[in-house]
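User: Could you take a close look at the cavity in this one for me? I'd like to know what lines it and how the elements around it are arranged.

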Amino acid sequence: MTQLVRPDVSYADSWFAAFEEFGRAFSDGSGSNGPVEGEMTRERFEALVAERLAASDPATPLEPDRVHCTFLWIVDGPEFLGNLAIRHSLTPYLLEQGGHIGYSVRPSRRREGHASRALALSLPWCRDLGIERVLLTCDVDNEASRRTIEANGGVQEDIRGDKRRYWIDL
Ligand SMILES: CC(C)(COP(=O)(O)OP(=O)(O)OC[C@H]1O[C@@H](n2cnc3c(N)ncnc32)[C@H](O)[C@@H]1OP(=O)(O)O)[C@@H](O)C(=O)NCCC(=O)NCCS
């Protein structure tokens with residue numbers, strides 16, 4: 001059963017396996033998806049979990065042009081399957097390109113409906129954050145993401161550059 005949970009070190013084993021599947025990248029919707037340099041140690045993983053948890057706290061200071069973000073993990077029982085990140089508000093860049101929500105499912109667990117269910121599960125979190133209309137974007141050639149958004153009632157507004165832009169009214 002697909003669930004959305006806050007990042008938690010108890011998922012370490014499957015998180016590390018997924019990290020390798022993602023090409024040694026976090027793929028967590030934060031925009032920093034390149035391969036990680038150096039060794040991914042347990043210590044680094046724990047720091048990453050703490051950082052991701054802090055990012056949702058309005059009291060956490062931010063770099064310029066960043067917004068608070070609720071990082072969630074898509075899990076099935078004890079297994080980490082992927083990431084879903086909810087940006088609390090839109091910057092000009094997010095309004096054009098990034099949208100409110102980013103997600104990824106580890107390659108070995110794709111096409112099982114997890115992204116579609118995770119996006120559905122994320123909408124109450126968005127409502128609780130005070131978001132009334134959720135913006136979702138995907139590359140024009142990203143069929144899987146397009147279908148994930150449309151399965152959740154996304155209505156396409158337009159295409160800007162190489163991005164389709166969709167809204168879901170909550
Ligand atoms: C996009 C992504 C999250 C989809 O995850 P998933 O768990 O495989 O998605 P689902 O199983 O819920 O499938 C969603 C829909 O896409 C379709 N789909 C999944 N993979 C597909 C593929 N490779 N090609 C075409 N359609 C695909 C499914 O059939 C389903 O469509 P349906 O509802 O009409 O049956 C996953 O492919 C991924 O992590 N991609 C890399 C990161 C990424 O692109 N993130 C989105 C950024 S906007």
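Analyst: Here's a walk through the cavity first, then the sheet behind part of its lining. Keep in mind that this is a predicted model.

The structure holds 1 cavity of 30 Å³ or more, and its volume comes out at about 50 Å³. As for who sits around that space, the lining is made up of W15, F26, D28, L48, R52, F71, L72, W73 and N83. Two elements give two or more residues each to that lining: α2 (42–54) and β2 (69–76). Of these, β2 supplies the largest share, with 3 residues. Sorted by class, you get 6 nonpolar, 1 polar and 2 charged residues around the cavity.

Since β2 matters for the lining, let's follow that strand into its sheet. The sheet is an open one of 4 strands, ordered β1-β2-β3-β4, with antiparallel pairing. β1 (2–5) and β4 (101–105) are the edge strands, each having a single partner, so one side of each has no neighbour in the sheet. From one strand to the next, the twist averages 25 degrees.

Zooming in on β2 again, its antiparallel pairing with β3 (residues 79–87) runs over 8 bridges. One of the residues to look at there is V75, whose bridge partner in β3 is F80.

Finally, there's a helix to add to the picture: α4 (residues 114–128) lies across β1, β2, β3 and β4. Its direction is at about 40 degrees to β1.

How values were computed. Residues are numbered from 1 along each chain as its sequence is written. This is a predicted model: local features need pLDDT of at least 70, side-chain atom pairs count only at pLDDT 80 or more; totals for chains, interfaces and linings use all residues. Side-chain values use heavy atoms; hydrogens and water are left out. On a 1 Å grid over the protein atoms alone, a cavity is a set of points where a 1.4 Å probe fits but cannot get out, and a pocket is an open set with protein on both sides within 12 Å along at least five of seven lines; lining residues have an atom within 4 Å of a point. Grid points are joined across faces, edges and corners, and a volume is the space filled by probe spheres set on the points. Ala, Val, Leu, Ile, Met, Phe, Trp, Tyr, Cys and Pro count as nonpolar, Asp, Glu, Lys and Arg as charged, and the others, Gly among them, as polar. Two strands pair if DSSP finds at least two bridges between them. Axes are lines fitted to C-alpha atoms, for helices over the stretch in contact, and angles run from 0 to 180 degrees between N-to-C directions. Contact means heavy atoms within 4.5 Å.
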